[in-house]
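Here is a brief report for a reader meeting this protein for the first time. Look at the model first, then read on.

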Amino acid sequence: MSPAKSAATRYGSVAIAIHWLTAALIAVLIVLGLISTNLDADSGVKPLLLAVHVVLGLSVLAVTLGRVAWWWLADRRPDPVAGIPRWQEVVARWVHILLYVAILALAGSGIALVITSEAVPVLFGGEGTLPDFWDFAPRLPHRVLAFTLIGLMLFHIGAAIYHQAVMKDRLINRMLL
């Protein structure tokens, strides 16, 4: 087991746990969001899926804020891997920043969507029918941000696979327990 805090060559167990928890929650959120988008509002399943989506979205927000606090207050990132070109370090840094921005903006647009649509009673009390979320301004940014996050995640995963399979620099080992 890794120490709680990161070292110069690898992430600590707290950062690793937060990373993989966030990745798993976001994967579930994407699936729930895509499925619920294609369901009728009258479907008894849609409010349930969206309620879970809201709770998990708030969980990702809390975990992400915890992760940011962990980096600022208690931990540091490992040093860059030796031999990686500077441009790859810069791209990796910007992709990570954009991942955080997208996650936080998605949470904000999701919260705004639930509040402006007044869907909370339907989602958590079962009263009434769901509104057409497209009637509310936060819906479009939420969708655009979701697909932006998917793109950033695919780029991030692709880079990890590239480093593991092509470069064979075992970079992914820094994020494994």
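## Overall picture

Of the 177 residues in the protein, 36% count as buried. The model is a predicted one. Its secondary structure is quickly told: five helices and zero strands. Read from the N terminus, the order is α-α-α-α-α. The C-alpha trace spans about 60 × 30 × 25 Å along its principal axes.

How do the contacts spread along the sequence? Take those between residues at least 6 apart: 70% of them join residues at least 24 apart.

## Surface and charge

The protein exposes about 10,400 Å². Carbon and sulfur atoms supply 72% of that area. Charged side chains are present in both signs: 13 are positive and 10 are negative. The centres of these two sets lie 18 Å apart.

## The largest pocket

How much space lies in the largest pocket? The value is about 1,400 Å³. Four helices each give two or more residues to its lining. They are listed here.

| Helix | Residues |
|---|---|
| α1 | 13-37 |
| α2 | 45-73 |
| α3 | 86-117 |
| α5 | 139-167 |

In total, 44 residues line the largest pocket. Which element gives the largest share of the lining? That is α3, with 13 residues.

Which residues lie nearest the centre of the largest pocket? They are Tyr11, Ala92, His96, His156 and Leu171. These five are a good place to start when viewing the pocket lining in the model.

Conventions
Residues are numbered from 1 along each chain as its sequence is written. This is a predicted model: local features need pLDDT of at least 70, side-chain atom pairs count only at pLDDT 80 or more; totals for chains, interfaces and linings use all residues. Side-chain values use heavy atoms; hydrogens and water are left out. Buried means under 20% relative accessible area, exposed over 50%, partly exposed in between (1.4 Å probe, protein chains only). Contact means heavy atoms within 4.5 Å. Accessible areas come from the Shrake-Rupley method with a 1.4 Å probe; for residues, only the protein chains shown count as cover. Lys and Arg count as positive and Asp and Glu as negative; His and the chain ends are not counted. The place of a charge is taken as NZ of Lys, CZ of Arg, CG of Asp or CD of Glu. On a 1 Å grid over the protein atoms alone, a cavity is a set of points where a 1.4 Å probe fits but cannot get out, and a pocket is an open set with protein on both sides within 12 Å along at least five of seven lines; lining residues have an atom within 4 Å of a point. Grid points are joined across faces, edges and corners, and a volume is the space filled by probe spheres set on the points.
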